[in-house]
Amino acid sequence: SQEFRQSTESALTQSLSFWVVRPSASDRDDFPMVRSYSAENAAALWDWGKREISAGLTVTQTNYLNVPAELHLYLPGRVLQIGMASNSTWHVTDQAVYPFNHVPMYAMPYNPSLLRPFGRSRVNRQVMSLTDRAIRAGLRMDVSAEFYMAPFFMLLGAEQSAFEDGAGNMIPAWDWIMGHVKAISRDVDGNLPQVFQSSQQTMEPYIAQMRQLAAEFSSATSIPVSSLGVVDTSTNSSLVFNAAREDLIIDAKNTIDTFGQVLKRVYRDALFTMDGHERFADSYLMLDTKWMNPARPSIVSQSDAMVKQVSAIPWLAETTVALEELGYSTSQIDRLLAEKRRAEGGSVLDRLAG
């Protein structure tokens with residue numbers, strides 16, 4: 001959904017995002033409210049022993065000055081709604097109770113570790129340094145391009161009057177260089193001035209520097225060089241291109257494994273909040289997120305791989321997993337199975353009629 005995409009974007013940029021589950025604000029609606037927050041409007045305390053959040057805070061409303069006006073404080077088994085009064089004091093305005101004893105707030109970090117449970121940002125110091133260097137290189141290249149467009153002339157034996165207008169004022173150097181017609185008279189001895197034109201400056205050193213920065217950025221982020229606007233002739237073949245994306249694919253797989261564990265806890269809290277440990281107490285363990293293959297293989301290669309697997313495991317063709325691996329969506333699988341059952345039912349009726 002759009003909420004998850006935004007949460008993922010914030011997690012990759014700011015090292016983590018938060019998911020919270022709270023009871024519905026309406027008595028007529030039994031469904032809980034599941035919301036995500038970025039690190040800019042949420043904070044949490046980490047319990048190193050339990051490996052979970054011990055307390056969390058989210059900013060749910062701001063005033064016209066973008067100053068927080070309403071907060072939600074998440075504690076084990078309850079959430080407090082805190083609002084700012086007219087005299088700039090904070091008061092608890094509402095309180096909700098949960099059917100469990102843990103904090104209904106979860107961090108979704110990118111690349112977490114034991115020392116940094118809230119993860120790391122994709123925009124790390126190395127990436128910021130490379131970005132600053134690329135901006136400086138681009139500015140130098142733009143300034144050099146202005147001089148690169150105009151040739152450089154050297155005149156030997158020219159009189160000062162050649163650089164003056166009719167009123168005796170000196171002509172600006174740039175106007176003289178960019179002028180379309182240049183006329184220089186002979187000196188008092190009848191000799192013509194010698195004119196030399198230096199070779200124009202090449203832009204290749206700047207282009208080579210940008211290629212080098214792109215290669216360093218690719219090494220720091222696992223993004224292929226061809227995706228950074230740099231033409232790389234070595235990645236023409238599909239095998240070389242897939243090898244260039246291998247590190248990025250591995251990173252994506254590790255990331256979705258981490259995100260998937262967080263989302264399973266969000267699903268659990270949502271079901272518990274809605275039905276109080278009763279109807280979905282056993283079935284919530286089977287809930288999981290269906291992720292697309294980060295490698296994003298083509299339909300041809302994906303179908304070829306599935307045919308080989310079915311040849312080795314024939315009964316795999318009778319499962320919905322095979323259809324999922326072939327790239328069909330859930331709605332398409334339901335329609336295919338319905339058509340299959342309809343066709344099988346029609347054939348049974350034909351046999352009975354016969």
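Two strands are said to pair if DSSP finds at least two bridges between them, and in this predicted model strand 4 (residues 52-62) and strand 5 (residues 68-75) meet that criterion with 6 bridges, running in the antiparallel sense. Within this part of the structure, Thr 58 stands opposite His 72 of strand 5. In general, the strands of a sheet pair through backbone hydrogen bonds, in either a parallel or an antiparallel arrangement.

The two strands belong to an open sheet of 5 strands, whose order is 3-4-5-6-7 and whose pairing is antiparallel. Strand 3 and strand 7 (90-97) form the edges, and because each has a single partner strand, one side of each is left without a neighbour in the sheet. From one strand to the next, the twist averages 15°.

From the sheet one can turn to the largest nonpolar core, which has 16 residues, and in which Phe 18, Ile 53, Tyr 74 and Met 105 touch the most other members. Strand 1 (16-22), strand 3 (42-47) and strand 8 (105-109) are the elements that give two or more residues to this core, and the largest share, 3 residues, comes from strand 1. If residues up to four places away in sequence are not counted, the contacts of Met 105 include Phe 18, Trp 19 and Val 20, together with Ala 42 and Ala 43, and also Ile 53, Thr 58 and Tyr 74. A second core, separate from this one, consists of 11 residues, among them Val 21, Val 262, Leu 263 and Ala 270.

Helix 4 (residues 204-221) offers another view of burial. Its 18 residues reach 26 Å from the first C-alpha to the last, close to the 26 Å expected at 1.5 Å a residue. The buried residues of helix 4 are Tyr 206, Leu 213, Ala 214, Ser 218 and Thr 221, and because they cover an arc of only 140° around the axis, they lie on the same side of the helix. Pro 205 and Ser 219, by contrast, are exposed on the other side of helix 4. In an α-helix there are 3.6 residues a turn, so residues three or four places apart point the same way. Just after helix 4, Ser 222 adopts a positive phi of about 65°.

Further along the chain, Asp 304 lies in helix 7 (residues 299-312), where this residue is partly exposed, with a relative accessible area of 40%. Asp 304 and Leu 326 are separated by 22 residues in sequence, while their C-alpha atoms are 9.4 Å apart in space.

Definitions and conventions
Residues numbered from 1 in each chain as written. Predicted model: local features only at pLDDT ≥ 70, side-chain atom pairs only at ≥ 80, totals over all residues. Heavy atoms only, no water. Core = buried A, V, L, I, M, F, W, Y, C linked by side-chain atoms within 4.5 Å. Buried < 20%, exposed > 50% of the residue type's maximum accessible area, 1.4 Å probe, protein only. Helix = DSSP H or I, 4+ residues; strand = E, 2+ residues; numbered from the N terminus. Contact = heavy atoms within 4.5 Å. Expected span 1.5 Å × (residues − 1). Arc of directions from axis to C-beta. Axes fitted to C-alpha atoms, helices over the stretch in contact; angles between N-to-C directions.
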